[in-house]
Amino acid sequence: MTAAKFTPRVFSGIQPSGGLTLGNYLGAIKRFVDVQNDGLKGQRFETIYCMVDMHAITATLPDPATLQKNTRELCAGFIASGIDPEKSILFNQSRVPEHAQLAWIFNCVARMGWMQRMTQWKDKAGKNAENASLGLFAYPALMAADILIYHATHVPVGEDQKQHIELTRDIAAKFNHDYGVDFFPMTEPVIEGAATRVMSFRDGTKKMSKSDPSDASRINMTDDADTIAKKIRKAKTDPEPLPETLEGLKDRPEARNLVNIYAALSDKTAEEAMAEVAGQQFGQFKPMLADLAAAKLAPISSEMARLMQEPGEIDAILARGAERAREITAPILDETYRIVGLVR
Ligand code: TYM
């Protein structure tokens with residue numbers, strides 16, 4: 001199937017589970033801003049960005065007031081980073097019921113075996129899968145619905161979401177095949193840039209994550225300039241100076257991570273960044289990275305704090321975004337129901 005029949009449209013989502021990290025920023029939000037402003041590979045896109053609050057109740061049931069606060073804080077993070085609610089559609093998932101309605105149909109299309117193979121399910125459910133929620137198991141079908149209820153053609157994400165996008169394609173293909181239609185697109189993952197997998201500052205083989213018990217392992221988007229600089233200075237590294245080429249970083253995951261972060265923050269490729277910092281000692285490189293990170297991130301965190309003083313304004317933006325979202329989702333759900341033989 002060609003993508004030509006579908007409007008070039010980008011969708012992506014982030015869970016409002018509290019505490020955005022540098023990983024979320026470089027792997028996702030910064031890329032969302034770039035696509036909103038510059039398109040992708042010379043093509044313009046409609047851009048739709050979602051706070052996926054229904055996903056945020058799958059692992060545990062958070063306190064309701066905390067969930068609402070996290071949703072507003074995430075919205076503030078999007079706007080402070082440069083998402084313009086006029087240019088992009090910005091909203092929270094639970095305001096647009098078509099996501100859950102399509103997800104039910106996809107629960108009936110997806111196979112148990114497909115879901116059991118999801119590495120995030122295996123990681124999150126761990127040895128205690130019997131006690132995990134049904135929602136956590138079905139999570140990737142809801143994610144597929146998030147994407148396909150917009151007929152989104154492209155989804156920018158970090159490396160860890162790749163398997164879920166492949167599953168989204170499998171669900172679309174099975175639906176199209178079983179009903180003999182050419183209705184859902186084969187959505188492309190967009191996993192690009194130098195920082196598609198930002199690693200922990202304590203252990204370069206682990207992903208930087210808001211759920212890591214060590215606060216020193218990550219930069220939070222709410223950290224101030226001093227904290228950011230301190231965490232970078234203390235980040236684990238090895239005693240060798242930086243090599244001349246990226247090849248030389250092959251078995252040095254902590255050093256590679258810092259070079260990747262430097263590249264992404266300065267809008268360079270990893271190769272360009274490497275050429276610039278080749279041969280430097282960490283005593284020279286880390287302060288330079290700390291200054292760059294503080295200069296780029298501290299204004300975002302102070303703007304987030306300012307926006308959080310205006311919860312009414314944030315709620316109005318989310319309500320308007322949901323209205324615009326439903327102009328797209330309602331007709332696509334109508335047509336899906338017609339294809340399936342459901343009536344609404
Ligand atoms: P979530 O909320 O865990 O993460 C949001 C985005 O941040 C990226 N990310 C990272 N990128 C680089 N390095 C890291 N250390 C890092 N940590 C997180 C993630 O890859 C993601 O792009 N299932 C999704 C949310 C979702 C979604 C969707 C995404 C729900 N429906 C539809 C795209 C399309 C999730 O839990 O992401």
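**Close-up views of a predicted model**

**View 1. Asp 226 and Lys 234 are exposed (over 50% relative accessible area, 1.4 Å probe, protein chains only) on the other side of helix α8, away from its buried residues.** This is a predicted model, in which local features need pLDDT of at least 70 and side-chain atom pairs count only at pLDDT 80 or more, while totals for chains, interfaces and linings use all residues. Residues are numbered from 1 along each chain as its sequence is written, and side-chain values use heavy atoms, with hydrogens and water left out. Helix α8 spans residues 225–234, and its buried residues (under 20% relative accessible area) are Ile 228, Ala 229, Lys 231 and Ile 232. Looking down the axis of α8, these fall within an arc of 165° (taken from the directions from the helix axis to the C-beta atoms), so they line one face of the helix. Helix α11 (282–308) is included in what covers them. Helices here are DSSP runs of H or I with at least four residues, and strands are E runs of at least two, numbered from the N terminus.

**View 2. Helix α3 (residues 98–109) meets helix α12 (residues 311–340), with axes that come within 10 Å and cross at roughly 25°.** That angle makes α3 roughly parallel to α12 (under 35 degrees, for angles running from 0 to 180 degrees between N-to-C directions of axes fitted to C-alpha atoms over the stretch in contact). The crossing is left-handed (the near helix is turned anticlockwise from the far one by less than a right angle). From α3, the contact (heavy atoms within 4.5 Å) uses Glu 98, Gln 101, Leu 102 and Ile 105. Among its partners on α12 are Arg 326, Leu 333 and Tyr 337. By class, this contact of α3 with α12 has six nonpolar, three polar and two charged residues (nonpolar: Ala, Val, Leu, Ile, Met, Phe, Trp, Tyr, Cys, Pro; charged: Asp, Glu, Lys, Arg; polar: the others, Gly among them).

**View 3. Helix α3 also packs with helix α6 (residues 134–148), their axes coming within 8 Å and crossing at roughly 125°.** Here α3 is oblique to α6 (neither under 35, over 145, nor 65 to 115 degrees), and the crossing is right-handed (clockwise in that sense). Residues of α3 including Ala 103 and Phe 106 meet residues of α6 including Ala 141 and Leu 142. The contact of α3 with α6 divides into ten nonpolar, two polar and one charged residue.

**View 4. Ala 59 lies in the loop between β2 (46–51) and α2 (64–81).** Ala 59 is exposed, with a relative accessible area of 60%. C-alpha to C-alpha, Ala 59 and Phe 137 are 9.6 Å apart in space, with their positions 78 residues apart in sequence numbering.
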